[in-house]
Each structure stands twice: as structure tokens, then as C-alpha cells.
Amino acid sequence: MGRRVSFLGLCFWVCMFCCGAASADSRGSSGEEGTVQVTVSVGKSAIAEIDDDFVCATLDWWPPEKCDYGVCSWHRASLLNLDLSNKILLNAVKAFSPLKIRLGGTLQDKVLYNTPDLKQPCTSFVKNSSALFGFTQGCLPMARWDRLNAFFKESGAKIIFGLNALNGRTISPQGPAVGAWDSTNAESFIRYTVSKNYTIFGWELGNELSGGGVGTRVTASQYVSDTISLKNLILDIYKDVESKPLILAPGGFVDSSWFKEFLDNTPKSLDVITHHIYNLGSGADQHLVEKILDPTVLDGELATFSNLQSIIKSSASATSAVAWVGEAGGAYNSGRDHVSNTFLYSFWYLDQMAMASTFDTKTYCRQAFIGGNYGLLDATSFIPNPDYYSALLWHRLMGRKVLGASLSRSDKIRAYAHCAKASKGVMLLFINLDGNSTAEVTVVNNGTPIRNHRHYNFGKGIIQFPQDSNDENVREEYHLTPKDGDPLSRTVMLNGNILAVSTSGEIPALNPKNVNSSSSIVVAPQSIVFAHMPYYAIPDCS
């Protein structure tokens, strides 16, 4: 049963959105030992659409004293102490042009802003096991906020700021947070931000306070009232600003009844409904590696994505809000060293981004850009971990329109398709979870291999290339593999070449290799392949 779940999951979302993908050729058969023949059929129309800047990452508030399972992995990666002068950090953000960055996390609901209205000392977080979230209240000095915004402007980042949603509430031990949100300090902070002409793409209210909450919780009815208050604040403060920021909430785990009540009552106040994902469980789980390589575990989030889209579409208020994954780190409590920062983690990461895309998720924010064991950058050296390059390739290659893709056989091969970004044709993503078998993939249309044909039939429609097309014989491929074939390596190779920053901190070029379009796409054991087929023209990708 386990071997078929991945295929059933793919069929589920393909059918769910009436993607119109051609049925898979079921004639795939094993070739020589260690090689499997696979066909993939790509749908002729889009089943979903993502933001052009779909890839997002977070910056958190955790101080160096944040430790999990005896390991302190955050170092100086907090918004309050991160070295913003580091060249690798700057170049790593600039490489996306732009990268959405969500500022927030657990401690955001204990942050005060040192604006003139604050009538108490601006103190740092102090570890206290008896305090909510394990730390005392913290504070953001405006001088630090100024410096952060200078960095964001230089790097071209698009910022989403997570506001403290617990201010003014009474929190009972092991119980809910009661009372209305006191927006006084937040209002002063937002007014300061606007007065300095800092550009904020969105303001998000709270972190993991929805449903059962983490640490504490707020009822849906109260969150509705508080979100409306935030919306009214933004309308007032930004009344003379042409570009208005988005309103996002609640930044928590999907709870059907809570989310439904919230959406039903915020039709004009909410732009984005954000949810969090940690579907691999605890970072201390000794079976974390096995989970990442298990298609049934990866497919476990299909139900969450489907459920949220159903809630949005059935909203009594006909909400216009769209879904984002506001935070996803795979394994919670900072991930796991020697797993979350290795090549292996890209199997989970790319698969989850691709899966989220098929359910019309507009943006996917990775926890974290730097910090913990799951940072895209190493928390001390700032050297990119393998997932950084996976994210950058996605950002540069995968277009907005999502296509259906179905496989002739599942095993441990995962396949996803988008229109290519900033170019014609189709971009395919293949993930081979199998450590023993090479997959030789043939892309088909109505059972006919797509190679270098001048035109293709889609029912009654015919797509024909211009006669001067020079791309019909060439396919661009990006093969990601771990150094020495070890999936737990922290060094990734692109088409056989190690990816590493230069001595001056420059991000390396990510160049494809050209392959004759008549050949199969070869996906080595436990590897990842992006394949661009410029000669495969379909109506929605024109």
C-alpha cells in the first residue's frame, strides 16, 4: 500500500482541480537492474497559479540562548543581532531579486517596539523557563529597525512584519489569551515606519495563536475583531501612501472550524490567510531521515492543502483572501543538525513547495533564511546550505502557472510541472527518493513522446512552433546531487560541479547543461532534476 500512496496522492490533486492532465502511459517497465523506465504526462492547462516571488524565507527573534535537545543552534541569527554587514548574507538575498522575507516567529508576540509611546525600558530577551515561550519580554530599538530597513532596501527584499498580537491580553496558565488586542504600541511602530518611508509588503497579526495554539491561543471571534482593527489602522496610517500593504493572519496551524469562522467574518479585512507546516515532527526524531524518504509521509500534507482550499472556496463571505505557507521548517524545534542542513532536506523542501503550488498556494516561507539547523544559510559561517540552491533554482525556473503531472509508475519518483519562468515551454521537477534506481523519464502527450516535434495536438487544438525556432533539439537540465553521493552531505553539486560562494562572497552561477531533446531525462538515485523543455508549447504557457 505504501508504494502506491505517492501515485494516489498525485492523482488526487490532479483530479481535484480538473487539471486535464493526460493519463499516464502504464507501460513503464524495468530495464536493466538499477534502472526504471518512467513516463510522465503533463496537463494541457493550468491547475493553479503561484506568485512570481513564490519563494519566501523567515528571519526570527530567537536569541543565542535558544536551545533544543541540548543543542543551541541559533547563535547570532536573530533580527536583533544578525550581522547585516556580511557580504554573503547580502548577496544571498539579492540573488533572488526579490526575496520575500517574513519577520517573525514565536517570540514576536513578546516583542515591544521602542517608539516614543513606550513607557518602560527597552530590554532584551532573557531566558526564563517559567515564562511563556521560555523567555521574558523583548524589545526592538528603533535604531536597529532603521539598520534592518537599510539592509532590506539594499538587498531588494520584500518584507512581511509579524506584529505582537498578545499585547493587552490576559493569559491564564495553560489557557487562552483573553481580551482585545491592545494596538497602541503597534500603531506607533507602524506610524514610525511610514514616516521613515520604509516599504512593508505586508503586516501579519500574531504567530501560532489560532486553533489550539502553541503556548496560548486566541478565539476566532476575537481574532476577527483584532484583524478588523488592524485593517482600520492600516487604512488610516497609509491613507496618503499610494501602495497599501497586505493584511495577513493568523500564522498558525490549520484548524478547520477556527479557520472557517475567521474567514467567514473577515471578507474585507484579510488579504492573506497564513498557515504553518512542520509535518516531519520533532527535530529529535531518530527516524527523521526515513520520514523524508517516505512518500507516504510527504503526501501527508495533501489533506491540509486540500482542506484549506475548500475552506477558502466555501467561505460564507466569499473571501478574496489567498493562502500562503507563512512558515515551514519540516522538523520543529530548530530542525536536526546533519539532516536539516544537508542535501537530503531538499527532497522534503522542494516536494512540499511543489505540492503546495498545486493547491493554489501563492507563497511559501521557509523557516529560516538563517538560524537553527534548518536555515538556508549556516548560522555561523553564512555559507549556503544545499536548500538555498534548491530555493534559488525554483525561484529562477518555475513559472507562475502550475500544470498537472502524472506518472506511469510511482515508486519513489516525484514529478511536478510548471510553465517555464521568463522563457517558453515547460519546466519539470523530478525528485528521486530511491537510493538504488536510476529513472529514465520520457515525457508524453497523448501517449506520444515529446522530443523535438514542431507541433503537438491537444484535442482539437494544435500548437505549432515558428519555423525559425532554434530550441527544438535542445533541452536544458539542472541536476542536483550530493558530494560523494552522500545525501547527508552539506555540499551540493550542480551538473557535477560543486556549488560554493566565492572568496568575495558571491553566489555562484547556476548554469544548465544542454541535452539532446531526443534522449530521456535521466534522474540518478537520490537526486533532483529540473528540466526545461522550450520546445514543449502548450496553450497556457504561451
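Here is a short tour of a predicted model, stop by stop, to follow in your viewer.

**Whole chain**

Start with everything in cartoon. You should find 11 helices and 28 strands in the chain. Of its 542 residues, 60% are buried. Switch on a surface and you're looking at about 20,300 Å² of exposed area, with carbon and sulfur atoms supplying 50% of it. As for how the chain meets itself, take the contacts with a separation of 6 or more: 75% of them come from residues 24 or more positions apart.

**The cores**

In soluble globular proteins, nonpolar side chains tend to be buried together. To see that here, select Trp145, Phe161, Phe369, Tyr388, Trp394, Leu429 and Phe530 and show them as sticks. These touch the most other members of the largest nonpolar core, which has 134 residues. Now colour helix H10, residues 345-358: with 9 residues, H10 gives the most to this core. Apart from that core lies another, of 27 residues; pick out Val38, Leu428, Val529 and Met533, which are among them.

Next, centre on Phe369. Which residues does phenylalanine 369 touch, not counting those up to four places away in sequence? The list is Ala57, Thr58, Leu59, Leu89, Ala92, Val93, Leu99, Gly375, Leu376, Leu377 and Tyr388.

**A helix pair**

Two packed helices are described by the angle between their axes and the distance between the axes. Try that on H5 (residues 220-237) and H6 (residues 256-264): the axes come within 9 Å and cross at roughly 35°. The crossing of H5 and H6 is right-handed. For the contact itself, select Ala220, Ser221, Tyr223, Val224 and Thr227 on H5, then Trp258, Glu261 and Phe262 on H6. By class, that contact has 5 nonpolar, 2 polar and 1 charged residues.

While you're on H5, click glutamine 222, which is found in this helix too. Leaving aside neighbours within four places in sequence, glutamine 222 is in contact with Arg169, Gly179, Ala180 and Trp181. Draw a C-alpha to C-alpha distance from glutamine 222 to alanine 177: they're 45 residues apart in sequence and 9.9 Å apart in space.

**A polar residue inside**

Jump to asparagine 185, in helix H4 (residues 184-195). Is asparagine 185 buried or exposed? Its relative accessible area is 5%, and anything under 20% counts as buried, so asparagine 185 is buried. Beyond its neighbours within four places in sequence, asparagine 185 is in contact with Leu112, Tyr113, Thr115, Asp117, Leu118 and Asn167.

**Backbone oddities**

Most residues other than glycine have a negative phi, and most peptide bonds are trans. The last stops go the other way.

- Alanine 249 to proline 250: a cis peptide bond joins them, with omega about 0°. Proline 250 is found in strand S10, residues 246-252.
- Glutamine 367 to alanine 368: this peptide bond is cis, with omega near 0°. Alanine 368 lies in the loop between strand S15 (363-366) and helix H11 (386-397).
- Histidine 75: not a glycine, yet phi is positive at about 50°. Look for histidine 75 in the loop between strand S2 (55-59) and helix H2 (87-94). Histidine 75 counts as partly exposed because its relative accessibility is 34%.
- Alanine 318: again not a glycine, with a positive phi of about 50°. Alanine 318 lies in the loop between helix H9 (302-313) and strand S13 (322-328). At 63% relative accessibility, alanine 318 counts as exposed.

Technical notes: Residues numbered from 1 in each chain as written. Predicted model: local features only at pLDDT ≥ 70, side-chain atom pairs only at ≥ 80, totals over all residues. Heavy atoms only, no water. Helix = DSSP H or I, 4+ residues; strand = E, 2+ residues; numbered from the N terminus. Buried < 20%, exposed > 50% of the residue type's maximum accessible area, 1.4 Å probe, protein only. Contact = heavy atoms within 4.5 Å. Areas by Shrake-Rupley, 256 points an atom, 1.4 Å probe, with all protein chains shown as cover. Core = buried A, V, L, I, M, F, W, Y, C linked by side-chain atoms within 4.5 Å. Axes fitted to C-alpha atoms, helices over the stretch in contact; angles between N-to-C directions. Left-handed = near helix turned anticlockwise from the far one by under 90°. Nonpolar A, V, L, I, M, F, W, Y, C, P; charged D, E, K, R; others polar.
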